[in-house]
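Good morning, and thank you for the opportunity to present. I would ask you to look at the structure on the screen and to follow it with me.

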Amino acid sequence: MSVVSDPLLASAAAGRRERLFARITRAAVYLDVVGLGWLVPLLRIAAGDNLRHQLGELRQVLLVPLVGIAAFLLLWAVLAPQVKTSLGAIPGPVQVWEQAGNLYDDHVAERTKEAAFDARQRARNQKLEAEGKADQVKWRGYTGKPTYLDQILTSLKTVALGFVVATLIAVPLGIMCGLSRSVNGALNPLIQIFKPVSPLAWLPIVTMVVSALYLDPMDWLPKSLVISAITVTLCSLWPTLINTALGVASIDKDLVNVGKVLQLSTATTVRKLVLPSALPLIFTGLRLSLGVGWMVLIAAEMLAQNPGLGKFVWDEFQNGSSSSLAKIIVAVLTIGIIGFLLDRLMFALQAAFTHGMKR
């Protein structure tokens, strides 16, 4: 009996092990999307995979990047004090970290002031209502200075608006260019002319046009945000347009012929046949557009002095205090980290909607 049961038990154990590794392999896709791919070798080690091989993988995906970051921080700490500027020596990692904490403390203090202002206003209005003077009740918004986190939120809202508008323009135009040689021939010269134009060239034109047409700004959509968002749109739509056109033009012609044989409408052909095939390249264009839009936004905010991280950097440069350089470096690191997170977000969407997981 034991002779028969031992192979059965071994077979069952092997089956469980294979299923476990299959789950780890599927999880690896999603962990890689969110930047946690270094967990995969640890999971494989825990599941009983080859220890030496997985330690080698762990070294490549975790230890090597950490060594690179540590080397950068060390060089920064050693070399930065050697560079003297009009505002003093370049701050090292410790000083920058301290200023990041100060910026967060300033945000907390400002929110505390806002809460106290709202409480005083509410108490005053309740007293007026109790005295029968409801006609004297007034509600005013808090007018304190925007904090560093407020500037980040403003920049994120602006780039989101510009990116969405650019996508709504670029994807339909790209589909038309990919499906029609005539449309592609008509639009291609304009794309080649306007694609290299700097945001610094667009900004004065956009400012004048928005100032002339947007005469009654809404509270939730200030004129400065519209100007920055349109500038982002004009500079970021080209990668999506070009990649969409390329993706649509490169789909299997048999798919298009099937649509003709089945007498599908143009909208159905695009929705059922064209878009699924072109999605990987469309998402590649979207990722490029979002990266371009984020870079363009900072330059636009800096030049036009519109609220956001770009204005924060310029204000600190003009301020010239002893802490300005450290705050500027905090902003630089923030811009880079947010750009990385935005790219990860688009990569996650690409993984969710397409089968192509290649970076």
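Phe-72 is found in helix 3, which covers residues 51–79. Please bear in mind that this is a predicted model. Together with Leu-66, Ile-69 and Leu-73, Phe-72 makes up a nonpolar patch on the surface, and the four share about 380 Å² of accessible area. A general point is useful here: an α-helix has 3.6 residues a turn, so residues three or four places apart point the same way.

Let us turn to the whole protein. It contains 12 helices and 2 strands. Read from the N terminus, the order of elements is α-α-α-β-β-α-α-α-α-α-α-α-α-α. The C-alpha trace spans about 90 × 60 × 60 Å along its principal axes. For a compact globule of 359 residues one would expect a radius of gyration near 21 Å, but the protein has 28 Å.

Next, helix 6. Its 14 residues, 181–194, should span 20 Å at 1.5 Å a residue, and the end C-alpha atoms are indeed 20 Å apart, which agrees. Nevertheless, helix 6 bends by about 35° at Leu-187, with the proline Pro-189 following within four residues. At the start of helix 6, a side-chain oxygen of Ser-180 comes to within 3.3 Å of the backbone nitrogen of Ser-182.

Finally, which residue forms a salt bridge with Asp-150? The partner is Arg-111, and the closest N and O atoms are 3.2 Å apart. Asp-150 belongs to helix 5 (residues 148–179) and Arg-111 to helix 4 (residues 93–130), so the pair ties together parts that are 39 residues apart in sequence. In the whole structure, a search finds 7 salt bridges.

How values were computed:
Residues numbered from 1 in each chain as written. Predicted model: local features only at pLDDT ≥ 70, side-chain atom pairs only at ≥ 80, totals over all residues. Heavy atoms only, no water. Expected span 1.5 Å × (residues − 1). Bend = angle between axes of the 7 residues up to and from the residue. Polar contact = N/O pair within 3.5 Å; in protein donor to acceptor, adjacent residues only side chain to side chain. Patch = residues over 30% accessible without salt bridge, like charges linked within 9 Å, V, L, I, M, F, W, Y side chains within 5 Å. Areas by Shrake-Rupley, 256 points an atom, 1.4 Å probe, with all protein chains shown as cover. Salt bridge = Lys/Arg side-chain N within 4 Å of Asp/Glu carboxyl O. Rg over C-alpha atoms; globule rule 2.2 N^0.38 Å.
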